[in-house]
Amino acid sequence: MDDKRDEQERDENLETFGENGVLGRSISSAELREQEKRRKEQEKAERKMRRRSRKEYRNGMPREKNTTLWVMVGILGAVVIAVGVMMAIEFATSGKDKAANSNEFIAEETALPEMSAEGIKGIITRAYYTNDKHFAVVLKLSNAYNTKHYLTSLEVKVSNGDGELIASGYTDSIEDFALDPESYGTFTFYISPKYVKIPDDSLENLTYEITTGGRLEDENATAKTDATTGTEATATTSAE
């Protein structure tokens with residue numbers, strides 16, 4: 001009897017406090033299984049959430065690093081391109097020194113092209129063969145307009161005193177060469193060896209044709225043909 005009474009009191013105590021002494025009711029084995037199932041599902045969901053958070057963290061960090069990496073690659077690419085351009089410019093003008101055995105044409109120092117409303121005018125002030133077999137012509141160009149005049153194309157044909165064509169070249173790849181208003185500029189033009197017809201002329205007497213294309217910065221500008229002084233611009237280019 002005492003054992004049954006103790007067991008009954010223990011059951012009533014479970015209904016009141018639970019097995020852990022926490023206020024509550026008694027729990028059946030089925031409910032315990034259900035609680036255990038929910039607990040496992042909750043732990044599974046928490047583990048899944050933690051894995052997702054770690055994955056997002058891992059995936060997020062490389063994306064930032066990749067962005068930085070691609071930015072750095074982009075910067076490096078720009079530097080390489082810039083270096084490539086500089087190398088191309090250097091290559092275009094390297095080896096263009098006067099050849100040791102070259103004759104040379106030099107015009108009078110006071111020679112100047114006319115100032116003309118027709119556009120950019122030019123004269124050859126120097127001509128020679130380069131050590132890489134180009135034919136170099138140094139041009140003095142004029143701008144009669146009261147605005148900047150951009151040289152956009154150039155064609156030069158040079159003949160000797162007997163009327164024989166020495167070399168001819170054309171380019172429309174001139175970038176950002178501008179003559180200041182009412183000024184003169186110097187432009188060095190290298191004609192490729194394949195367009196040099198006479199590679200060893202004496203260059204004592206030259207006749208030539210210079211054809212230019214230009215663009216005025218101010219299309220409404222006017223020409224002042226009496227202008228004779230101004231800032232001088234210089235440039236070089238090659239006709240390959």
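User: Does Arg126 count as buried, partly exposed or exposed, and at what relative accessibility?

Analyst: The model discussed here is predicted. Buried requires under 20% relative accessible area and exposed requires over 50%. The value for Arg126 is 29%, so the residue falls between these limits and counts as partly exposed. The answer is partly exposed, at 29% relative accessibility.

User: Which residue forms a salt bridge with Arg126, and how far apart are the closest N and O atoms?

Analyst: Arg126 lies in strand S2, and its partner lies in strand S1, 22 residues apart in the chain. That partner is itself partly exposed, with a relative accessible area of 28%. The residue is Glu104, and the closest N and O atoms are 2.3 Å apart.

User: How many salt bridges does a search of the whole structure find?

Analyst: The pair of Glu104 and Arg126 is a salt bridge. Another joins the side chains of Asp132 and Lys96, at 2.9 Å from N to O. Glu182 and Lys224 also form one, with the closest N and O atoms 3.8 Å apart. The search of the whole structure gives a total of four.

User: Is Lys96, the partner of Asp132 in a salt bridge, buried or exposed?

Analyst: Lys96 is in the loop between helix H2 (29-93) and strand S1 (104-106), while Asp132 is in the loop between S2 and S3, 36 residues apart. Asp132 has a relative accessible area of 25% and is therefore partly exposed. Lys96 has 4% relative accessibility, so this residue counts as buried.

User: Over the face of which residue does Lys96 lie?

Analyst: Besides meeting Asp132 in a salt bridge, Lys96 lies 5.7 Å from the centre of a ring. The residue that carries this ring is one of those in S7, and it points the same way from that strand as Tyr184, Thr186 and Thr188. The residue is Tyr190.

User: How many residues apart in sequence are the parts that Glu182 and Lys224 tie together?

Analyst: Glu182 lies in the loop between S6 and S7, and Lys224 lies in the loop between strand S8 (206-216) and S9. Lys224 has 40% relative accessibility and so counts as partly exposed. Because the two residues sit in these separate loops, the pair ties together parts that are 42 residues apart in sequence.

User: How many of the residues of S7 are buried?

Analyst: Ser183, Gly185, Phe187, Phe189 and Ile191 point one way from S7, and they are buried. Tyr184, Thr186, Thr188 and Tyr190 point the other way and are buried as well. The count for S7 is nine of its nine residues.

User: Which residue of S7 is the bridge partner of Ser142?

Analyst: S3 and S7 run antiparallel and are joined by nine bridges. The partner of Ser142 belongs to the group that points the other way from Ser183 and Gly185. That partner is Tyr184.

User: What is the relative accessibility of Leu141?

Analyst: Leu141 is placed in strand S3 (residues 135-143). Its contacts include Phe177, Leu179, Ser183, Tyr184, Gly185 and Phe187. Leu141 counts as buried because its relative accessibility is 0%.

User: How many degrees separate the planes of Phe177 and Phe187 in their aromatic pair?

Analyst: Phe177 is in the loop between strand S5 (165-171) and strand S6 (178-179), and Phe187 is in strand S7 (residues 183-191), 10 residues apart. Both residues are buried. Their ring centres are 5.0 Å apart, and the pair is edge-to-face, with an angle between the planes of 70 degrees.

User: Which residues have the most contacts inside the largest nonpolar core?

Analyst: The largest nonpolar core has 28 residues. Strand S2 (121-129), S3, S4, S5, S7 and strand S9 (233-239) each supply at least two of its residues. The residues with the most contacts inside this core are Phe135, Val137 and Ile166.

User: Is Ser153 buried or exposed?

Analyst: Ser153 is in strand S4 (residues 149-160). It touches residues that include Tyr170, Thr171, Asp172 and Ile174. At 16% relative accessibility Ser153 lies under the limit of 20%, and therefore the residue counts as buried.

Key
Residues numbered from 1 in each chain as written. Predicted model: local features only at pLDDT ≥ 70, side-chain atom pairs only at ≥ 80, totals over all residues. Heavy atoms only, no water. Phe/Tyr/Trp six-rings, centres within 6.5 Å; stacked < 30°, edge-to-face > 60°. Helix = DSSP H or I, 4+ residues; strand = E, 2+ residues; numbered from the N terminus. Buried < 20%, exposed > 50% of the residue type's maximum accessible area, 1.4 Å probe, protein only. Lys NZ or Arg CZ within 6 Å of the ring centre and 35° of its normal. Contact = heavy atoms within 4.5 Å. Core = buried A, V, L, I, M, F, W, Y, C linked by side-chain atoms within 4.5 Å. Pairing = 2+ DSSP bridges. Lists of a residue's contacts leave out its neighbours within four places in sequence.
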